[in-house]
Amino acid sequence: MGFSAISIRALLIGGVSLGVLATAPVSAQTNTPSGGQTAAPADTTSQEVVVTARRREETLLKVPVAVTAFTGQKLEANGAIDLTDIQTTTPNTTLKDARGTNSTLAAFIRGVGQQDPVPGFEAGVGIYLDDVYLNRPQASVLDVYDVDRIEVLRGPQGTLYGRNTIGGAVKYVTKRLPNHPELSIKGTYGSYNELDGVVSLSTPIGNSGFKIGASGARLGHDGFGENTNLHIDNYNKDLWAARGTLEFESPDNRLFVRVTGDYTDDKSNARNGHRLIPGLLSGAPVLDNVYDTQAGLANPKESVKSGGISMSVTAELTDNLTFRSISAYRKDTSFTPIDFDALPATDVDVPAVYRNNQTSQEFQLLYKSDKLNGILGFYHLAAQASTGFDVLLSTTIAGLDAYTAGDVHTNTNSIFGDFTYDFTDRLSLSLGGRYTWDQRDSHIFKANYLGGVTSEFGGNPTPFGAPATNFDGTAKFKKFTPRASLSFKVTPDQMVYASYSVGFKGGGFDPRGSGASAPDTNGDGARSYQEIYNYLRFKPETVKSYEIGWKGAAFDRRLTYAIDGFYANYTDVQIPGSVGAVVNGVPTFIGITTNAAKARIWGTEVEANAILARGFAGAGSNLYLNGTLGYIDPKYKKFIGPTGADVADVRVFQNTPHWTTSATLGTGLPVSGGTITASTTLSYRSLTHQFETASPFLDQKGY
């Protein structure tokens with residue numbers, strides 16, 4: 001998307017928001033509920049934000065980790081609609097919609113991530129919903145409603161958060177239920193007929209210690225453009241969501257149980273592409289509006305349904321020891337029509353479906369004392385992810401469909417620990433480690449058909465030749481990921497730290513790979529199972545990161561800031577790709593994934609929050625300025641291309657602009673019955689490459 005995309009989003013979030021709240025008066029809270037979540041301060045400029053970046057509650061200025069935190073009220077004041085909006089004000093971070101939907105997330109932090117959402121590839125940034133890891137990127141663009149805070153942890157989080165947090169982690173934390181009956185109604189109207197509504201209702205159940213709550217959201221807007229072929233909106237939003245919560249807290253506050261369930265039904269149209277050049281065969285012209293499209297693929301109709309249930313239990317066993325359990329089940333299904341040529345003709349049209357489910361269990365034992373604080377834990381994840389997609393090609397063979405299906409079962413277990421010892425009130429050492437056993441069981445099927453789409457999408461085609469791939473394989477990986485940090489408080493309001501951390505992203509099998517294209521390494525004229533296994537399999541990748549940082553406050557805490565610098569070695573980088581090929585005499589495409597590269601990454605990040613004027617328009621009024629700056633210089637040191645040559649000098653990092661910066665000016669004015677807030681943000685992102693090969697046509701220019 002170009003500059004116009006950002007302009008439209010800015011107009012969209014700059015609409016009119018009306019809220020009605022029936023409750024007791026709200027005030028800033030400094031206490032922390034026993035469930036491990038923190039009530040957001042009423043003051044959006046508060047400098048004392050409590051986060052759980054190290055799985056225990058700490059103020060943002062005291063945690064020796066590069067983390068950006070957004071309270072729910074700050075998100076509301078800034079007009080954030082979904083998770084992708086926070087990239088604007090987070091250094092060296094890219095969070096964007098991928099694969100033609102509003103709901104599939106492509107996340108990159110400090111140059112590390114994963115753009116391809118098919119199940120053979122793992123994410124490089126972990127997304128957490130109330131401490132539950134979301135194993136797949138589908139349905140991971142979480143909408144902002146009833147949120148307590150969002151934390152963005154930059155750099156490898158391989159100790160406390162485990163697998164696939166090689167680039168960082170994003171934590172989405174929902175609100176705790178209040179201690180009194182509450183009804184909240186929020187409505188928003190904006191450009192492109194944005195019409196959002198959120199209704200939340202909660203109440204204690206007598207004096208039993210139980211509380212129950214429910215929320216419903218309707219979020220939608222018209223398209224920024226039009227599909228001129230199908231005569232439907234392009235880039236619209238049509239989403240319904242609901243969340244229910246049941247909480248119990250014992251009279252002595254030592255036991256807290258929270259059960260939450262959520263469901264989302266996204267009926268938005270597919271985000272079809274805008275051609276940059278006229279149709280090569282049809283001569284179809286380039287459309288004036290970059291949000292318009294001429295895509296012709298209508299089957300399947302775009303549909304994303306997702307939901308899950310989780311239970312967290314926190315029990316204070318003694319004054320020093322706390323036990324926590326987090327259990328969860330999640331499931332999502334995404335149907336999406338991907339029209340690569342963005343024209344009515346059937347030429348690389350891809351009806352696709354993604355199905356995911358996961359079960360996870362985590363146990364934590366937390367210890368706290370005057371000198372020693374830390375955590376021991378166990379984590380288990382069992383997940384299944386499957387994809388089926390037709391590739392309808394315009395070739396000399398009429399009605400050719402290159403069908404590919406992948407089914408991946410993931411089973412991972414890990415034990416971890418992380419402890420901080422305070423030698424003095426000023427000097428602290430943290431040490432941690434996680435050992436992970438990761439297993440991937442994959443089934444890959446690839447075959448050609450004639451006569452239209454497969455039964456997956458309502459068709460009944462005829463097989464055309466033997467399957468190119470019908471493969472089952474198992475891969476096991478073991479990895480120890482350590483972390484160490486040393487922090488020193490120069491003054492009560494100034495802290496410096498240095499850290500070392502390791503993260504890894506699991507390996508697997510290329511879900512689009514063709515067994516028939518595997519090299520005949522033993523020269524017997526056939527492809528053995530082992531040759532196919534070696535061809536389709538790729539190894540985990542690893543990041544070793546070194547970081548120094550400085551956090552502080554000045555001018556009676558009117559100014560707070562965080563500055564960090566980092567250097568990382570990135571090895572066995574997974575490079576997925578697809579190329580056109582002829583398999584068994586038939587034109588098709590195949591996936592080729594290798595651990596082809598290694599790189600070094602360095603950069604710096606600055607965040608600052610200043611209260612420019614306090615009480616300038618009466619008690620409670622503030623004028624504030626928030627700023628962020630990120631610079632990153634990633635460079636491949638080795639990149640082996642398809643021919644075996646090292647092409648590192650002509651390869652770039654995708655979704656990683658060198659510069660990201662922002663400034664937000666805002667104010668809050670108390671009025672009778674509420675608060676009027678106003679803010680404006682100016683941000684800049686430099687040139688962003690879409691793939692490892694630079695392209696002046698596809699890359700996003702700086703804006």
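How many bridges join strand 10 to strand 11, and do the two run parallel or antiparallel? Seven bridges join them, and the two strands run antiparallel. The legends below describe a predicted model, in which local features need pLDDT of at least 70, side-chain atom pairs count only at pLDDT 80 or more, and totals for chains, interfaces and linings use all residues. Residues are numbered from 1 along each chain as its sequence is written, and side-chain values use heavy atoms, with hydrogens and water left out.

**View 1. An open sheet of five strands contains strand 10 and strand 11.** Strands here are DSSP runs of E with at least two residues, helices are runs of H or I with at least four, and both are numbered from the N terminus. Two strands are said to pair if DSSP finds at least two bridges between them. In general, strands of a sheet pair through backbone hydrogen bonds, either parallel or antiparallel. In this sheet the order is 4-10-11-8-9 and the pairing is mixed. The edge strands, strand 4 (67–71) and strand 9 (132–134), each pair on one side only, and the twist averages 20° from one strand to the next, where axes are lines fitted to C-alpha atoms, for helices over the stretch in contact, and angles run from 0 to 180 degrees between N-to-C directions. Between strand 10 and its neighbour strand 11, R154 stands opposite G168 in strand 11.

**View 2. The largest nonpolar core has 21 residues.** A nonpolar core is a set of buried Ala, Val, Leu, Ile, Met, Phe, Trp, Tyr and Cys residues joined through side-chain atoms within 4.5 Å; buried means under 20% relative accessible area, exposed over 50%, and partly exposed in between, with a 1.4 Å probe and protein chains only. The members that touch the most others are L75, L83, I86, I127 and I150. At least two residues of this core come from each of strand 6 (105–109), strand 8 (125–129), strand 10 (147–154) and strand 11 (168–174). If residues up to four places away in sequence are not counted, I150 touches several residues, among them F70, L75, L83, I86 and V170, a contact being heavy atoms within 4.5 Å. A second, separate core of 20 residues includes V49, Y128, L153 and Y379.

**View 3. Two edge-to-face ring pairs are Y128 with Y161 and F224 with Y291.** Rings of Phe, Tyr and Trp (its six-membered ring) pair if their centres lie within 6.5 Å, and planes under 30 degrees apart count as stacked, over 60 as edge-to-face and the rest as tilted. The structure holds 25 aromatic pairs. In one of them, Y128 and Y161 are 5.2 Å apart centre to centre, with 70° between the planes. Y128 lies in strand 8 and Y161 in the loop between strand 10 and strand 11, so this pair ties together parts that are 33 residues apart in sequence. Y128 is buried at a relative accessible area of 3%, and Y161 is buried at 4%. For F224 and Y291, the centres are 5.4 Å apart and the planes meet at 80°. Ring pairs also link Y192, F224, Y235 and Y291 into a cluster.

**View 4. The charged end of R110 sits over the ring of F566.** This description applies if NZ of Lys or CZ of Arg is within 6 Å of the ring centre and within 35 degrees of the ring normal; for R110 the distance to the centre is 4.0 Å. R110 is found in the loop between strand 6 and strand 7 (112–114), and counts as buried at 5% relative accessibility. R110 also has a positive phi of about 55°, although it is not a glycine. Most residues other than glycine have a negative phi, and most peptide bonds are trans. A cis peptide bond joins N299 and P300, with omega about 5°.

**View 5. Strand 27 (residues 494–505) pairs with strand 26 and with strand 30.** Nine of the 12 residues of strand 27 are buried. Strand 26 and strand 27 pair in the antiparallel sense over eight bridges, and a hairpin joins them through two residues. R483 stands opposite S501 in strand 27. Towards strand 30 (residues 541–554), 12 bridges join the antiparallel strands, and the bridge partner of Y500 is Y546 in strand 30.
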